[in-house]
Amino acid sequence: MTPLIKALSTLALVLVLGGSALAQEYVKGEVVKVDAKQQKLTIKHEPLTNLDMPAMTMVFVVAEQGLLDKVKTGQAIEFRADRVNGRITVTGIK
């Protein structure tokens, strides 16, 4: 494999792997419960297409404690969720 082809192959792989994280969209939801002690949020949400999940109400682990400071029960939010260490986790909140 020539150096140019190898470089292009590496770039393509980076774009494919990184593209899924970049393409991840925020989803609308409503905070049903905040459990700061357990670092969890219960959210009634729209479909999570990146996780192939329909709209529902469910409990999420929160990636960072600081995200809990941004929300309160009853608040409308936009959030991102992904699988982190096998757990569905809120990774961002607008």
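Student: Which residue forms a salt bridge with glutamate 78, and how far apart are the closest N and O atoms?
Tutor: Happy to start there, keeping in mind that this is a predicted model. A search of the whole structure finds one salt bridge. Its partners are glutamate 78 and lysine 94, and their closest N and O atoms lie 3.9 Å apart.

Student: Where in the chain do the two partners sit?
Tutor: The pair links distant parts of the chain, with 16 residues separating the partners. Glutamate 78 belongs to strand E4, while lysine 94 lies in the segment after E5.

Student: Is glutamate 78 partly exposed or buried, and is lysine 94 exposed or buried?
Tutor: Let's use the cut-offs: buried is under 20% relative accessible area and exposed is over 50%. Glutamate 78 has 29%, so this residue is partly exposed. Lysine 94 reaches 59%, so this residue counts as exposed.

Student: In what order do the helices and strands run from the N terminus on?
Tutor: Good thing to settle before we look at the pairing. The protein has two helices and five strands. From the N terminus on, the order is α-β-β-β-α-β-β.

Student: In which sense does E2 pair with E1 and with E3?
Tutor: Take the two pairings in turn. E1 and E2 are joined over six bridges and form a hairpin with four residues between the strands. E2 and E3 also pair over six bridges. The sense is antiparallel for E1 with E2, and for E2 with E3 it is likewise antiparallel.

Student: Which residues of E1 and E3 stand across from lysine 44?
Tutor: Lysine 44 is in E2, so to speak the middle of our question. On the E1 side, the bridge partner is glutamate 30. On the E3 side, lysine 44 stands opposite threonine 57.

Student: Which residue in the turn between E1 and E2 has a positive phi?
Tutor: Look at the four residues between these two strands of the hairpin. A phi of about 55° belongs to glutamine 39.

Student: Which members of the largest nonpolar core touch the most other members?
Tutor: This core has 19 residues. Strands E1, E2, E3, E4 and E5 and helix H2 each supply at least two of them. Leucine 41 touches, among others, Val31, Phe60, Leu68 and Ile93. The members with the most contacts to other members are Leu41, Phe60, Phe79 and Ile93.

Student: What percentage of the residues count as buried?
Tutor: The protein has 94 residues, and a residue counts as buried under 20% relative accessible area. By that cut-off, the buried share is 28%.

Definitions and conventions
Residues numbered from 1 in each chain as written. Predicted model: local features only at pLDDT ≥ 70, side-chain atom pairs only at ≥ 80, totals over all residues. Heavy atoms only, no water. Core = buried A, V, L, I, M, F, W, Y, C linked by side-chain atoms within 4.5 Å. Buried < 20%, exposed > 50% of the residue type's maximum accessible area, 1.4 Å probe, protein only. Contact = heavy atoms within 4.5 Å. Salt bridge = Lys/Arg side-chain N within 4 Å of Asp/Glu carboxyl O. Pairing = 2+ DSSP bridges. Lists of a residue's contacts leave out its neighbours within four places in sequence.
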